[in-house]
Amino acid sequence: MILIAMGVVYLEARWTVVESGWRGQIDLLPVFAAYAALHGRVGVMAGVAAIGGCWFDVLSANPLGTSLLSLFLTAYLLHGMHEVLLKGQMAAQFFVCVLAGALNPTIAGLILWVLGTQPMLGWGTLWQVLINAVCCGLAGPVLFLILNQLDQNLSYAPTAKPWNRPVVEVKRSKHYHHY
Amino acid sequence: MLKQPHIVTLCSVLTAGIVLLSLPLRVNTQLKWVAAGLFLPFIGLADVADQKLESAQSIVVSKQELLRENQRLRKELQNYKIALLQRKTVVSENDMLREEILWKKRQPWNLLPARVQVKDPSNWWGSLFINVGTEDGVVENTPVLSPQGLVGKVDQVGRHRSMVRLVGDPHCRVSAMLAQTANRPEAEQAHGTIMSGQDTQLNPRMVSFQHLPLNTRIEPGAEVITSGLGGGFPRGIPLGHVVDSRSSGVGLFAEARVRLMVDLNRLEMVWLVLPEPGADRSQGEETP
């Protein structure tokens, strides 16, 4: 999952045509944070935030650690929902990814503003956050599907125990009659 | 209720983030280059993939099309050679006149081509990474150009990569002036500063030309070039054209919106103006 996230961030940095058209750069990294958060794995959340966030900061002018904090806080805030949400539903995935896509740039912008690094903040930021949220929402269900499939194919699946089969377990009494 | 391992993970990630961000900017930048070194295999892999893609595209192009392109480029080269001959005469005449009035000799530009690797994936900055670094003689604050005009300046330098701050980024301010034309004599060449404006955020090609004298005549379409003041950038590099102008908020200065000549989102190659060995850029080029 982290490798796919890194690939997605690299493509974002290469394909700037989208930015010219929509007046804002799209960042799909929050979708991966949302996926980790909804599947209730704090370790994976930390991994996505640490590796994905550092990779993002290395490719941008952000001070190192900005995206790590913003991604982890986004994932942590969404993690609270993982027990009450029907994460298999596309609508739920859409809304969670919209939330992640809006939360992550907001937190990152807030961190940069607090640090006094003079980022480009203004009314245009609202548009960029909105566009990012919608794009994350739309891309979310598709990425969730891919990640679920990968999770199923690559993760360890316990094999059925041969001695535990119901056929073996059937007990016959001595009064058993074969008709 | 949070489990103990969750609390440990939460605390360690938050502490790591806060510690990294509270480091001095220079240390943080150095750490970032170290982190970039860890990701170097991925950057190399992506570069190789890009090159393979380009070579795959060249297979598809027909030989006829290549020949046509070659012929067009030959014609273009000949035109440039003739223009250069004419320019050489002007330059030698200029040098002779400079010598007569004891002005400093104009230094020729020492250009280094560089390929754009990636553009900043965030919305907060206008920056990009190029594939040259200290090993190629790049130093901080080196001006970066494209054939259309000024692109920005080098802000951080690694061994094989550098980060360029683009014109319009809050950390890249450029001393500029209105270009001399038949309608605008030298005395009316108003000086100001090119910096990020309200429009820059949504349109990277639009920047703000500020601190212009209040009585300046600024027509839409007027060309804006670098002034060379401050020594950051050589004089006379095209920047853009004025879109409109108004008096600034406090009414002491005038300001104008400028559309940049370079499309910063579609850059593939850039040129760095390296300092000549022994030359001191801080004194500027036009000082006697």
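These are my notebook entries on the nonpolar core, the domains of chain B and two backbone angles in a predicted model.

**Entry on the core.** I looked up the largest nonpolar core, which holds 105 residues, and noted that A:Ala33, A:Met45, A:Ala49, A:Phe72, A:Ala75, B:Val151 and B:Leu239 touch the most other members. I then asked which element gives the most to this core, and found that helix 4 of chain A, residues 42–59, does so with 11 residues. On the side of chain B, I saw that domain 1 (7–37) and domain 3 (110–278) each supply at least three residues to this core.

**Entry on A:Met45.** I followed up A:Met45 and, setting aside its neighbours within four places in sequence, listed its contacts as A:Ala33, A:Ala36, A:Ala37, A:Phe72, A:Ala75, A:Tyr76 and A:His79.

**Entry on the domains.** I checked the domain assignment of chain B, which gives domain 1 (7–37), domain 2 (61–106) and domain 3 (110–278). I also noted that the C-alpha centres of domain 2 and domain 3 of chain B lie 24 Å apart.

**Entry on phi.** I kept in mind that most residues other than glycine have a negative phi. I found that B:Asn141, which is not a glycine, has a positive phi near 70 degrees, and I placed B:Asn141 in the loop between strand 2 (127–130) and strand 3 (143–146) of chain B. I recorded B:Asn141 as partly exposed because it has 16 C-beta neighbours inside 10 Å. I found that B:His211, also not a glycine, has a positive phi of about 60 degrees, and that B:His211 sits in strand 8 of chain B, residues 206–213. With 17 other C-beta atoms within 10 Å, I entered B:His211 as partly exposed.

How values were computed. Residues numbered from 1 in each chain as written. Chains lettered and ligands numbered in written order. Predicted model: local features only at pLDDT ≥ 70, side-chain atom pairs only at ≥ 80, totals over all residues. Core = buried A, V, L, I, M, F, W, Y, C linked by C-beta atoms within 7 Å. Buried ≥ 20, exposed ≤ 12 C-beta atoms within 10 Å, placed from the backbone. Helix = DSSP H or I, 4+ residues; strand = E, 2+ residues; numbered from the N terminus. Domains from an automatic or database assignment. Contact = placed C-beta atoms within 7 Å.
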